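Good morning, and thank you for coming. I would like to introduce a structure that is new to this group. Please take a moment to look at it before I begin.

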Amino acid sequence: MKNIVTGVIANKRLYVLIFTCLSCFTTIKAQDEITILQNQRELFVDDFLIEETQKLDFRLATPVSGGKVMEFHEPWEGHFCAYVTIIPDGRLFHMYYRGLQDQQEVTCYAVSADGIHWSKPQLGLYEVNGTLENNVILPDNPQKSTHNLSIMYDNREGVPQEEKFKAMGGHIRSGGLYRYISADGIHWNRYQDTTGLFGELPLDSHNILSWIPSENQFAVYMRDWIASEPGNVFSGIRTISRATSKDFKNWTEPVRMDFGDTPPEHLYTNATHPYFRAPQILIAMPFRFTPDKQVLSEDELISFDVDPTQRKGVSDAVLMTSRGGNKYDRKYLTSFVRPGKDQRNWAARSNMPAMGVIPTGEREMSFFVIRAYGTPDVYLERMVLRKDGFASLHADFEEGSAISKPLILKGDILKANYSTSTKGYVKVVILDEKGNEVPGYGEADAIPAIGDQIDGTLSWQSGKTLQALGGKKVRIKFIIKDADLYSFGVFDK
């Protein structure tokens, strides 16, 4: 642990900024439902703010591999390591995952100072496979909480230290989900009661616990099925249900999530959590299962030592978002994480994203994916994107534009995350509610932004700032040429 803690100092300012941001960005709705942007960043993962586009498109990003970060060869880990959670607490990054050997399930722990280099500390908490020299934080138990434990860090002011880490885990065969609390994320206690929650649901995968800032409440996004056979909860189509709580003790009844007008697909896990630079947006990365398709031959499956239970079916991962409530936005139906060239990923349940998108540099962020599931070589791969870079407004060489819905901009400056070619640019124009240019903010005044910036300032030759708009309803027009616009935000300075 010494080497890890040494690395904390260099990252401390970044972590403090992240946790400050989680509490300061808000989406405000005025009485007439006009969106107010104030110290808030918006991404192009949905159509929430965009009303009209011309000659550009919403483009889903392609994550780049950051390499293998962890293998699972310990005697208590095994071929079925999965259901990974990765969370920062302001000092360190914590990783939790399931180990499964000989029907014994345990929750394992790893830690990192930078989110890239990980270690498995020998904690000495529980004897597993005849040794205390392991990284197990919860042993096998009747509640089956180690089957799929999901953890969150509760950084809200006033939360008792002993409840800063919260967790849920369990199974339909154990009576539902059981709650846990911890002061340090390593030593855990059962929550004040022993009741299992939502025991009528299947629950046999990762059921994600999150605090939803825009709703000021907890939510758990759970495994469910739309049953095709009466009385058989494991028939039909895999889907997701949600329940909420204001106090972690009392919970609403589960409600199935709405996916809009999209084709039904088997969505196995969900990884739903607030995005750290825009927490009003919930990022979800379910792995999408096709149970009846087989790509590898029987000989190939045997040669890769794929467990027989994982030989039929294939999976990849998709990107969804939510802004709270019981609705997901599936703007992008194409694959976000493909199996790729490693043939072991073309078996049934590989390519499963972990819960957690984290900053791993000034310009980049990372998420993690279980690969080669069900084989002796199961491993965790880091996937890298630019910050905010899930998707973009993209224009080719011909100039395109996008116009927002009516907004109220409460702040001084407008910042944007963009990448252009040497011939390309991003310009911003402010229109009145009817679509006319506001004097001093028109296209002739807009200074082209050229280059590659995560938080570049967009401005006008008139020298005017957003404050001069006086809180009036306006529209933002983005003019883009040979460039990608990943996000924009309104800030005080």
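Let me begin with a term: a residue counts as buried under 20% relative accessible area, as exposed over 50%, and as partly exposed in between, with a 1.4 Å probe and protein chains only. This is a predicted model, in which local features need pLDDT of at least 70 and side-chain atom pairs count only at pLDDT 80 or more, while totals for chains, interfaces and linings use all residues. Residues are numbered from 1 along each chain as its sequence is written, and side-chain values use heavy atoms, with hydrogens and water left out.

I turn to the chain as a whole. The protein chain contains three helices and 34 strands; here helices (H or I, at least four residues) and strands (E, at least two) are DSSP runs, numbered from the N terminus. Its radius of gyration is 23 Å, close to the 23 Å given by the globule rule for 493 residues, so the chain is as compact as a globular protein of that length. That radius is taken over C-alpha atoms, and the rule is 2.2 Å times the number of residues to the power 0.38. Along the principal axes, the C-alpha atoms fill a box of roughly 75 × 55 × 50 Å.

Of the 493 residues in the protein chain, 58% are buried. The chain exposes about 20,100 Å², and carbon and sulfur atoms supply 49% of that area; accessible areas come from the Shrake-Rupley method with a 1.4 Å probe, and for residues only the protein chains shown count as cover. A contact means heavy atoms within 4.5 Å. Among contacts between residues at least 6 apart in sequence, 64% join residues at least 24 apart.

How far apart are the mean positions of the positive and negative charges? For the 55 positive and 62 negative charges of the protein chain, the separation is 4 Å. Lys and Arg count as positive and Asp and Glu as negative, without His or the chain ends, and each charge is placed at NZ of Lys, CZ of Arg, CG of Asp or CD of Glu.

Next, the cysteines. A disulfide is a covalent bond between the sulfur atoms of two cysteines. The criterion applied here is a pair of cysteine sulfur atoms within 2.5 Å, and by this rule the count is zero. Why does Cys 81 form no bond with Cys 108? The sulfur of Cys 81 has its closest cysteine sulfur in Cys 108, at 6.1 Å, which is too far for a bond. Cys 81 is buried at 0% relative accessibility, and Cys 108 is likewise buried at 0%.

Cys 108 leads us to strand 9, which spans residues 104-112. Ser 112 lies in that strand and is buried, with a relative accessible area of 0%. The C-alpha atoms of Ser 112 and His 94 are 6.7 Å apart, although 18 residues separate the two along the chain.

Two residues deserve attention for their backbone angles. Most residues other than glycine have a negative phi. Asn 129, however, has a phi near 55°; this residue lies in the loop between strand 9 and strand 10 (136-138) and is partly exposed at 47%. Asp 305 also has a phi near 55°. Asp 305 is in the loop between helix 3 (298-303) and strand 23 (314-317), and its relative accessibility of 41% makes it partly exposed.

Strand 23 also holds Ala 317, which is buried at 0% relative accessibility. Setting aside neighbours within four places in sequence, the contacts of Ala 317 include Phe 287, Ser 335, Val 337 and Pro 353. Pro 353 belongs to strand 25 (residues 352-353) and is buried, at 6%. Beyond four places in sequence, Pro 353 touches Met 285, Phe 287, Ala 317, Phe 368 and Val 369. Phe 287 is thus among the contacts of both Ala 317 and Pro 353.

I close with Thr 420, in strand 32 (residues 413-432). Is Thr 420 buried or exposed? At 16% relative accessibility, Thr 420 counts as buried. Thr 420 and Ile 450 are 30 residues apart in sequence, with their C-alpha atoms 5.9 Å apart in space. Ile 450 is one of the residues that Thr 420 touches, and among the others are Tyr 425, Gly 451 and Asp 482.
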